[in-house]
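Subject: Structure handover

Hi,

Here's the structure I promised to pass on. My notes on what turned up follow below it.

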Amino acid sequence: MSLIESLPRVRSLRLPRADGLIQWIVPLVIVVVWQVACVSGFVPARVLPAPSDVALAGWKLLLSGELARNIWVSFWRASVGFVIGGGIGFAFGLMNGLSQLSSKLTDTTLQMVRNIPHLALIPLVILWFGIDESAKLFLVALGVFFPIYLNTLHGIRTVDPQLIEMGRIYGMTDGELFRRVIFPGALPSIFVGVRFALGIMWLTLIVAETIAASSGLGYMAMQAREFMLIDVVVLSILIYALLGKLADSASRVLERLTLSWHPAFQKH
Amino acid sequence: MQEALRFLLPDAEPVERTDFLEQARLARRGPEVSRGLPLTIRGVRKSFGANEVLRGIDLHIPAGQFVAIVGRSGCGKSTLLRLIAGLETIDAGTISFGEHARSEDVRVMFQEPRLLPWARVLSNVEVGLGRDRASSNAQIRAEKALTEVGLDDKRDQWPAVLSGGQKQRVALARALVSDPRVLAFDEPLGALDALTRISMQRLLERVWHDQAFTAILVTHDVSEAVALADRVLVIEHGRIAHDVAVDIPRPRRRGSADLAALEGSILRELLLSADETSDL
C-alpha cells in the first residue's frame with residue numbers, strides 16, 4: 001500500500017526537474033562528439049569547423065555588431081511577414097468558417113493557389129519587387145498564410161455543434177457565441193496552424209535571403225561562402241536552428257496559457 | 001444554519017434528519033402553489049422528409065406536473081421534447097404555455113452535459129442566466145444553483161476533471177439558474193452508471209419539488225419514469241398510446257411493489273406493441 005502510494009509521488013517529483021534538462025542531452029552530446037572529431041583531425045576544418053571555431057567566429061561578428069544587425073533584420077522580416085500572412089489567413093479562415101457565402105466564393109480559389117509551392121514564385125517575385133524588403137515579406141506572408149487559413153477554418157468547422165446549439169438555447173447573441181463557444185473551440189486547431197506556419201516562416205526566409213538579399217542571416221551565410229568563411233556559414237545555420245526553437249517555444253508557452261482548460265495541458 | 005441551531009436545543013424533540021428536511025421543504029413550497037407553466041399541445045405534427053415522426057399529439061400538462069414520456073427508440077419522444085423546447089419548428093398544430101413564456105422560462109437538459117470545456121464550472125453555470133448574464137448578481141445566482149446540486153466546492157474547476165455524474169449536475173445547475181418554469185429533460189441520465197443514476201434521480205426529484213417547475217422527462221427507462229413522474233405517457237408510432245397516472249405517494253421507495261407493478265404493466269404494453277410491429 002505504502003509503495004503504491006509513494007510511487008506516483010516520487011515520479012511526479014523527479015520528472016519535471018529532469019524534463020527541462022533531458023531534452024538538451026542529445027544536442028550536447030552531438031556538440032561534444034563534433035568537437036572531438038574536429039580537434040582529433042578526423043574531420044578536416046575546411047569540411048566542418050570545430051564548434052569552438054564557430055563560437056569564436058560568432059564572438060567576432062558579435063563584437064563588430066554585424067551579427068546582431070543581421071539577426072535583427074531576419075527576425076524583423078520573419079515577424080512582419082508572419083503577422084501579415086497569418087493575419088490575412090486567420091481572417092479568411094474566420095470568414096469562410098462562419099459564412100457559407102464567403103466559403104463558396106473564395107475557398108476553391110484559395111485551394112488552387114495553395115497547391116502552388118510558394119517558393120516557385122521566387123523568380124516572379126524578384127521581377128515584381130526586386131530584392132527589396134517587400135519581396136521577402138511577400139514570400140513569408142504567402143507561406144504562412146495557408147497553414148493558418150486551413151487550420152483556422154478546420155477549427156471553426158469542427159466546433160461541437162451540440163455546444164453551438166446549447167449556446168443558442170441559452171440566448172447567446174452571435175457575438176457572444178463566437179467569443180464564448182466558437183473561438184475557444186477553434187483555438188487548439190489554430191495553434192497547430194501557428195506552429196506549422198512558424199516552420200514555414202523560417203524556411204521561406206532562409207531561401208529568400210540566400211537568393212535575393214543584401215542583409216540578414218541568409219545573406220551573411222552567402223557572403224561567407226564567397227570568402228570561404230565556413231565557420232560563419234555553420235554559425236548562420238546554427239542560429240536559424242536556435243531561432244526556430246525559440247519561435248516554437250514561444251508558441252508552446254502561449255498554447256499553455258490559453259489552453260489551460262484542455263486536458264492535454266493540465267498540470268497534475 | 002437554522003436547522004443546525006435547532007438541533008442543538010436541549011429540549012427540542014428528536015427529529016429524524018430526513019423527515020425534518022422533508023417537512024422544511026413542504027413548508028417552503030406551500031400547498032398548491034406552483035411557479036410552473038401549464039402546457040397545451042394541440043394536433044402537433046412533425047416530419048423529417050418523408051418520415052412522419054409525430055402524427056398528431058394532443059396533450060395538456062397542468063402547471064407543476066412531472067410528466068415522463070417513454071417509448072421505444074425512434075418513436076418521436078425526443079422530437080416532441082425538442083418541439084416543446086423550441087429547438088425544431090412545428091409542421092402543424094400548436095404548443096402553448098399558459099401565459100407568455102420568456103426564453104429563460106423554458107430550459108432543456110440533454111443526455112450530454114454540453115459544458116464549455118474552456119470555462120470554469122461557475123462560468124458554465126452563468127451561461128444559463130441567458131440575457132441576465134451581465135447583471136451584477138449573476139455570480140451569486142450561479143453559486144446558489146451550484147450549491148443546489150451540491151457542487152459549490154467545484155466552482156473553480158475545469159469541466160474536464162469532473163466525473164460524468166458531476167458534469168450532469170453542473171448542466172442541471174445551468175438549467176436551474178434562470179429559475180425556469182418548464183424544464184425539459186432529454187434522457188439526462190442515459191449515459192450514467194446505475195448508482196450515479198439513482199442519486200441523480202433523487203436530485204431531480206428534490207429540485208423539482210423545491211422549485212416547483214413543470215418537468216417533462218423523456219426516458220427509455222420505465223422504472224425511472226414511474227419512480228419520478230406524476231404521469232407517464234407512452235408514445236407509439238408518433239401518437240400518445242397510453243396516458244398512465246402514477247398515484248403512488250412521495251417520497252417513493254425504490255423497488256417497492258407498487259412501483260414494480262406499474263412498471264411491469266407499462267413494459268408489457270411496450271413489448272406487446274413491439275411484437276406487433278415485428279410481425280409486420
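A term to start with: two residues are in contact if their C-beta atoms, placed from the backbone, lie within 7 Å. Leaving aside neighbours within four places in sequence, A:M201 is in contact with A:A78, A:G81, A:F82, A:V140, A:G143 and A:V144.

Some bookkeeping: this is a predicted model, so local features need pLDDT of at least 70 and side-chain atom pairs count only at pLDDT 80 or more, while totals for chains, interfaces and linings use all residues. Residues are numbered from 1 along each chain as its sequence is written, and chains are lettered from A and ligands numbered from 1 in the order in which they are written.

Now the core. The largest nonpolar core (buried Ala, Val, Leu, Ile, Met, Phe, Trp, Tyr and Cys residues joined through C-beta atoms within 7 Å) has 123 residues. A:M201 is among those with the most contacts inside it, along with B:I69, B:A173, B:A229 and B:V232. Helix α7 (133-157) of chain A gives the most to this core, 15 residues; helices (H or I, at least four residues) and strands (E, at least two) are DSSP runs, numbered from the N terminus.

Then some backbone oddities in chain B. B:R114, in the loop between β5 (106-109) and α4 (121-127), has phi near 55°, positive for a non-glycine. B:R114 is buried (20 or more other C-beta atoms within 10 Å of its own), with 23. B:D179 also isn't a glycine and has a positive phi of about 50°. The peptide bond from B:R250 to B:P251 is cis, omega near -5°.

Cheers

Conventions. A residue is buried if 20 or more other C-beta atoms lie within 10 Å of its own, exposed if 12 or fewer, and partly exposed in between; C-beta atoms are placed from the backbone.
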